[in-house]
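Hello,

I am passing a structure on to you, and it is pasted just below. After it come some notes on what was found, which I hope help you find your way around.

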Amino acid sequence: MLGLKPVLEGRVITQVVLRRADLRFPFPPDFAVRLAGCRVTGLWRRAKYILAGLDSGDVLLIHLGMTGRVTILSGLGVRNLGEFYFETASDEQGAGPHDHVVLTLDDGTRLVYTDPRRFGIMDLFPEKAAATHKLLGGIGVEPLGNSFDAAYLAERFRGKSAPLKAALLDQRIVAGLGNIYVCEALHRAGLSPRRKARTLAGPRARQRLAALAGHVRTVLQEAIAAGGSTLQDFAHTDGGRGAFQQRFLVYDREGEPCFACGNAIKRLVQAGRSTFYCSTCQR
DNA sequence: AAGTGAACCTGAAGGC
DNA sequence: TGCCTTCAGGTTCACT
């Protein structure tokens, strides 16, 4: 997202190539025709959705699902590497089986959307319809925004019998929190993922909620910082290993010792998702 | 109403 | 080597 902003803002999308009719949902009718020729006026984010404002009045929505990624093929940079690479990268025949969308910009840059599992989404809709958009309506507060704090969490957790893990993963409560970050934040906060959310809604738990909110922020900020540095040399990495991955305290560490107490990290399934936690440190 | 599980789809990894 | 099973960073939908 941070890497995409300077590449897209102000540019005109000169060509749109769809290599299949759908991702998770079908592309809207006339998607390519409506998108081609538009200038990108701004790029922003809501939850896990990337949103691009267009001078046509439409908004382009992109969700990467679990395996989606956008590769930037810089016209200038690639051309400097030689004609051979440029040809290979831009040739239809050079496209991988999971390269589903290619956007060409007026400076020659190509954006390739790749997504093996096709859990990703692209949509195009009038900006006026954003507030009532099916995917964007009802999303909770941004965890890095001002209104995300202990009071907000207490209000949303009140009466909730769902486990804390599920409540934090619920996009209607907190926007954009993923499985890894919830696991990591709960560990840092010393809170059990199995605890019912409502047990933290009372005034006596306010300090613990404040700590939780703080840890959610910190985990996200650290991940963004690590991911941002990864994005810079994305082409030189294996593409999947962000620096933050090496800092997981619990995620994907089942059976390994907790860094705080030495006891084995446990794994359990909640709402169909793996949860990793330390049953000693997290209560 | 709220909460859980199955479904969407492909690839990687581990067991035999 | 290959076949089989399980699991995966997300979200929606259909059930209890």
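**Around the DNA**

In this predicted model, DNA strand B is surrounded by Pro97, Pro116, Arg117, Arg118, Phe119, Lys160, Ser161, Ala162, Pro163, Ala166, Ala271 and Gly272; a residue is near a strand if its C-beta atom, placed from the backbone, lies within 6 Å of it. Sorted by class, that surface has seven nonpolar, two polar and three charged residues. Here Ala, Val, Leu, Ile, Met, Phe, Trp, Tyr, Cys and Pro count as nonpolar, Asp, Glu, Lys and Arg as charged, and the others, Gly among them, as polar.

DNA strand C has 14 residues around it, of which Lys48, Met66, Gly178, Asn179 and Ser274 come nearest. The surface there has five nonpolar, seven polar and two charged residues, and α7 (179-189) and β10 (273-277) each supply at least two of its residues.

**The fold of chain A**

Chain A has eight helices and ten strands (DSSP runs numbered from the N terminus: H or I of at least four residues for helices, E of at least two for strands). An open antiparallel sheet is built from four strands in the order β2-β3-β4-β8, where strands pair if DSSP finds at least two bridges between them. Its edge strands, β2 (40-46) and β8 (121-126), each pair on one side only. Six bridges join β4 (58-63) to β8, and Ile62 has Met122 as its bridge partner.

**How to read this**

Residues are numbered from 1 along each chain as its sequence is written, while chains are lettered from A and ligands numbered from 1 in the order written. As the model is predicted, local features need pLDDT of at least 70 and side-chain atom pairs count only at pLDDT 80 or more, whereas totals for chains, interfaces and linings use all residues.

Best wishes
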